[in-house]
Amino acid sequence: MTRFFRSAAARRAAGAATLVLMLAIAVLSLVPAGDLPPVEGSDKLKHFIAYGSLGGALTLALGPGRAVRAFLITIIYGALMEVAQGLAPTGREFSLLDEVANILGAGLGTSLALVLRR
């Protein structure tokens, strides 16, 4: 099983998943909150899961030896999305606590991807 996560096919699939996740996160971050379907659960947990998924997918996509790069790209993307929320006229705002959840999720996702690749 772990052999699969080291294969070129896994890297391609993870690359595609990374692009889909980045697009989904951008849309969900920049659409006015009132236009989103209601989803039960903590907002911070949603951020944690989204950025954990992104960090894990990006770590697998970039391949061995690039986990720190994947982690940094993920947290920078999260910060950019938070800033964009604050600048966009959608009624959404920048939240430092959301960014903390993004960072924690990215860290866990990156770590899990490293474990899967071993």
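Two residues are said to be in contact when they have heavy atoms within 4.5 Å, and the views below, taken from a predicted model, use the word in that sense.

**View 1. Helix 3 and the helices that pack against its buried residues.** The buried residues of helix 3 pack against three other helices, namely helix 1, helix 2 and helix 4 (96-117). Those buried residues are Ala67, Ala70, Thr74, Ile75, Tyr77, Gly78, Met81, Glu82 and Gln85. When one looks down the axis of helix 3, they fall within an arc of 150°, and so they line one face of the helix. On the other side of helix 3, by contrast, Val68, Ile76, Leu80 and Leu87 are exposed. The helix has 21 residues, and from its first C-alpha to its last it reaches 30 Å, which is close to the 30 Å expected at 1.5 Å a residue.

**View 2. Helix 4, with a buried side and an exposed face.** In helix 4, the buried residues are Asp98, Glu99, Ala101, Asn102, Gly105, Ala106, Gly109, Thr110, Ala113 and Arg117. Around the axis they cover an arc of only 165°, which puts them on the same side of helix 4. These buried residues pack against helix 2 and helix 3, while the face turned away from them carries the exposed residues Leu96, Leu97, Leu104 and Val115. The 22 residues of helix 4 should span 32 Å at 1.5 Å a residue, and this agrees with its end C-alpha atoms, which are 32 Å apart.

**View 3. Leucine 97 on helix 4.** Leucine 97 has its place in helix 4. Its relative accessible area is 59%, and because a residue counts as exposed when that value is over 50%, leucine 97 is exposed. Leucine 97 and lysine 46 are 51 residues apart in sequence, and the distance between them in space is 12 Å, C-alpha to C-alpha.

**View 4. Helix 1 and the elements that cover its buried residues.** Helix 1, made of residues 8-30, has 23 residues and reaches 33 Å from its first C-alpha to its last, close to the 33 Å expected at 1.5 Å a residue. Ala10, Ala14, Thr18, Ile25, Ala26 and Ser29 are buried in this helix, and what covers the buried residues of helix 1 includes helix 2 (43-62) and helix 3 (67-87).

**View 5. Serine 29 and its contacts.** Serine 29 lies in helix 1. Its relative accessibility is 8%, and because a residue counts as buried when that value is under 20%, serine 29 is buried. If its neighbours within four places in sequence are left aside, serine 29 is in contact with Met81, Gln85 and Arg92. Of these, Met81 and Gln85 are among the buried residues of helix 3.

**View 6. The largest pocket and its lining.** Rolling a probe the size of a water molecule over the atoms shows where empty space is left. The largest pocket holds about 490 Å³ of space. Its lining is made of 16 residues, of which Leu28, Leu36, Asp43, Lys46 and Arg92 lie nearest its centre. Helix 1 and helix 2 are the elements that give two or more residues to this lining, and the largest share, 6 residues, comes from helix 2. Sorted by class, the lining of the largest pocket has 8 nonpolar, 3 polar and 5 charged residues.

Conventions: Residues are numbered from 1 along each chain as its sequence is written. This is a predicted model: local features need pLDDT of at least 70, side-chain atom pairs count only at pLDDT 80 or more; totals for chains, interfaces and linings use all residues. Side-chain values use heavy atoms; hydrogens and water are left out. Helices (H or I, at least four residues) and strands (E, at least two) are DSSP runs, numbered from the N terminus. The expected span of a helix is 1.5 Å times one less than its number of residues. Buried means under 20% relative accessible area, exposed over 50%, partly exposed in between (1.4 Å probe, protein chains only). On a 1 Å grid over the protein atoms alone, a cavity is a set of points where a 1.4 Å probe fits but cannot get out, and a pocket is an open set with protein on both sides within 12 Å along at least five of seven lines; lining residues have an atom within 4 Å of a point. Grid points are joined across faces, edges and corners, and a volume is the space filled by probe spheres set on the points. Ala, Val, Leu, Ile, Met, Phe, Trp, Tyr, Cys and Pro count as nonpolar, Asp, Glu, Lys and Arg as charged, and the others, Gly among them, as polar. The arc is that of the directions from the helix axis to the C-beta atoms.
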